[in-house]
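Colleague: I'm new to this one and would love a close look at a single part. Could you walk me slowly through some of its charged side-chain contacts?

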Amino acid sequence: MDVVVAKNKRATLERAEKFISPHYFTDVNLHGRVYPEKIPLTNLKHFATADRIQYQEACRRSFSDAKIGEKFGPLWSTHWFKLEISIPANWVGKEVRLVWDSGSEAMVWQNGEPVQGLSGDCQHRKDFILSQNLTKDELRQTLYIEMACNEMFGGGNGLINPPDENKEFQLSTAEIAVFDRDVYNLITDFELLIGMAKHLSDEDQRTYQALYTANKMVNVCKIDNPKSYKEAHQIALSFFAERNGDSQHTVHAMGHCHIDSAWLWTYDETKRKCARSWSATIRLMDMYPSYTFVCSQAQQYEWVKINYPGLYERMKEKIKASRFIPVGGCWVEMDGNVPSGESFVRQFLVGQKFFQKEFGIKCKEFWLPDTFGYSAQLPQIMNSAGIKRFVTQKLSWNLVNKFPHNTFTWEGIDGSKTLAHFPPGDNYGLQCRIEDLLKTLKNNKDKGRVNSGMMLYGYGDGGGGPTEDMLERLERLQNVDGLPKVTYSTPDKFFEDVEKNSHDLCKWTGELYLELHQGTFTSQAKIKWYNRKLEFLLHNLEFISTAAWVKNTSYRYPQQELSQMWKNFLLNQFHDVLPGSCIDLVAKDAIRFYEEIEVKAEAELKKACMALSAVTDKTSTQPSLMVINTHSWERVEVVALPSSDERETPAKKKQKLSSSLAEVTENVQYAAVKASPYGISHLIEIDVESVKIQQDTSGLIYLQNKHITAQIDQCGRLCSLLHHAADREAIAPSSYGNQFVIFDDVPLFWDAWDVMDYHLETRTAISTVRKPAQIIEKNKLRCAVKVSLQISTDSYIEQVISLDATSTYLKMDTKVHWKENRKFLKVEFPVTVRSMQATYEIQFGHVQRPTHGNTSWDSAKYEVVGHKWADLSEHNWGVAVLNDSKYGHCTQGNVIRLSLLKAAKAPDANADMGYHDFTYAVFPHTGTLQDAGVIQASYDMNNPLQLLPSDGALTQASASLFQVDNVAVILETVKKAEDIDNAIVLRLYEAYGSTVTAKVSSQLPIKTVRRCNILEEELDGNEVKWNNGSVSLSFSPFQIVSLLAFI
Ligand SMILES: [Zn+2]
């Protein structure tokens, strides 16, 4: 007789939960019955290696006995195991798995190929299917396991703590086991039914239907009668077969595996992470025919291509079948704030070319789910790379304001538009649980406009990707009444759905500012220093090589070399490397890459210069110096003459700087020179009005040239900065410019990432003099003062403040010996300017941000990114601060602040400790920042005129290879086209925020000119008229124009 119980919700729910609990009633529930039979491995052989070696080499090594329960280490080492597996004959016909838990990541190798990653540490992939239906032929198997002594998240104790070098990893499980799929199915069913009963609302019928279905299944299941499992599973399947109505929201589920190219582990470990994660995904694809997976970062594909060619071929098959889907179109998922405009262009150029060449596809969406804010210039650059769609979720991390949309039109500073989607699950590593589906549905802030959302599932950051559990859930959830519809999807299907079915989408104009992680504009200062330096070095090299290639037919353009340099350079722009949120080992790798690029680029530069000077008629046999201007405007500058013909590499110059700042200013000869735009000329000195320096009896030092007079006190502070033409004082009354200030910098958690708003309440001015300001240089072309300040007992600053005869700004070459703990160093300029907005340079343009905190959106921007300059201007008067390697800024009221150094202790315990060199400058001006030449000055300060040896004299005193007749338009890049033998690429942009026409001229033998996109593909119907060596182009504000000029 049936007994009807009036069920209590809590009791019924907990009954179902206990039935699959790993903790309670395990002797009478389903837990532990997934593997009804197990046999520990006895024949375990192993060897250890400090290096990450190839499989073939591992097979040649000698293996010795190892035991289950043994511990292996140290951190980052590798242990190879050889498994001779012998399966009992009575398991034939059953599903048999290897279960392996080494508390670390590992790779299974079978028949010489990497077949699946394991990760015991995160408990999400601990078994490997030896056979789904064991045959007699499969009773004996040999496998190799490459155990990496690191976890998914590296080797720190706690998520972001520095790695623990003494960490050991225990092999707790190594066994073969029978896998009971009926039990596994039931556990999945129960999890989903329990999820619905828990997460759907109490008013919902489905909540109780799910609950009672689960209850019925417990009643049906007889633990001692496995035949009852199938009956219980059928009850679940009937429930999941009840369908939704037509208007139900659609969740586009895409498998994903966010792999940080380096973070809490190194680049080299990432190569193995890719193989572990992607081999697992390929295997799952064979089991689940509908499963789709999206995967970004061309660099990671290239790593797999080089290191795992077999796996790469298997990936290619799935890519061809549109199941393994390359996304993003970039070389790496780069930082979205710090790279220059040209760097952004190259991320897409190198990335899209790779995908095109390898797989015949171009990505249609920009994919940057984990990056710390997004430049307002990205929409235009994306569009020019053939991309009109954008995916991220990072703005859900905002500390203060909730971003109002999930699907919207994102408009850049030039008006370019892109369709942006923030997956409403606020995560790229969901698990296809009921709560993930419901969050994707409920958190969508554009309800009524859009009826679909993306759901990205799969373990991420440290890799991993989707698991069997997630796919089993998805298989059941595709159309279940009460839940959104779920479909295995692709970015293309999702965006097509949105494009077709959404309406009235809202628009967000300008940058996508992340209200968190603003410390990443400053952390790991040396990485940022190199990023800026090499952006200019590569720029110079490309122009000079292009000039040599056009002029000297025997010169070979270093295409291959440049390509490799760019790849490594772009890799370092990854979103945990350039932002400085990586461990010590990664920072070291990054610096090593930079040093290698610098050496190679310098060598190539030298070759190009020799090739250039070789083609000139020798009117003199005397060696001489060439002055090379790699900017598109005429420059008048003071240059320091090298002591010998052999000029020094920047690396050597840096070494000198490190030894003592004073040395570089002694016995140096200077010359004032004029250099024509993109010009290569003799060094010819010109006469300029001298600069003067004097010290008064009170110790104040006065530096004066034609433009400005600076008054410097014993602390090196600016008591006064007078602009002659305007007859105006730039420093605010009763305050000092060039005032160093230090703040406590203890964030809530993300040490290297964050600087919180409350740091501003801990300001301390630095005024302890170590060595008072003194005159160290009194030349008619350059005068300089040196000062040293004590920051604390351990840290100090040495600074040379100098003024050139020709300069419109006062420059501060600064060296800091930095040994602090959670402190933030900045320099302040309180100025005589009143403005509600400050302006900051970004990629190919600039943006304005408030100097006040009126609204929560304004006050959240207490630390913002800027590139080479920041400017605070009122009508007809302003002050700019230029810099050569800094990115963090904070302008509040009339105080311009430049962020200099941070002292985070995690994840790199030694981050930023030691010596730092950097330069900044203060530039008072009349007119607008544009009219005053702030933009050009910032380029010039970053990239001084190049003095290069020439083995003969040039025919012409001066040759200008390119000119632009409108100062608002900057010719940013001159390079040889990647794939076209007879073309060079010119990239120009409108820098002032104005609509203008500019005539671009060249002395090179250019035959025709065509417009192209940033991928260097010709744009249809866009031949431009090249008449007598020039072309007229019109520009809208901040527009980027790329041209192919055919020689
Ligand atoms: Zn990431």
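Modeller: Gladly! One term first: a residue is buried under 20% relative accessible area, exposed over 50% and partly exposed in between (1.4 Å probe, protein chains only). This is a predicted model, in which local features need pLDDT of at least 70 and side-chain atom pairs 80 or more, while totals for chains, interfaces and linings use all residues. Residues are numbered from 1 along each chain as its sequence is written, and side-chain values use heavy atoms, leaving out hydrogens and water.

Let's begin with the overall count: the model has 68 salt bridges (a Lys or Arg side-chain nitrogen within 4 Å of an Asp or Glu carboxyl oxygen).

Now to the pair I would visit at the start of a tour, Arg 97 and Asp 127. Their side chains meet in a salt bridge, at 2.9 Å from N to O. Arg 97 sits in strand E6 and Asp 127 in strand E9 (residues 127-131), so this contact ties together parts of the protein that are 30 residues apart in sequence (strands, E, of at least two residues and helices, H or I, of at least four are DSSP runs numbered from the N terminus). Is this pair buried or exposed? Arg 97 is buried, with a relative accessible area of 1%, and Asp 127 is buried as well, at 13%.

Another pair to find on your screen is Glu 499 with Arg 389, which form a salt bridge whose closest N and O atoms are 3.0 Å apart. Glu 499 belongs to helix H13 (residues 491-501) and Arg 389 to strand E17 (residues 389-391), so the pair ties together parts that lie 110 residues apart in sequence. The two partners differ in accessibility: Glu 499 is partly exposed at 44%, whereas Arg 389 is buried at 8%.

Coming back to Arg 97, you can follow a wider arrangement. Salt bridges with shared partners join Glu 95, Arg 97, Asp 127, Arg 181, Asp 189, Glu 468, Glu 472 and Arg 476 into one network.

Finally, look at Glu 37 and Lys 94, whose side chains form a salt bridge of 3.2 Å, N to O. This pair links distant parts of the chain, with Glu 37 in strand E1 (residues 37-40) and Lys 94, 57 residues away in sequence, in the loop between strand E5 (78-86) and strand E6 (95-101). Here Glu 37 is partly exposed, at 29% relative accessible area, and Lys 94 is partly exposed too, at 32%.
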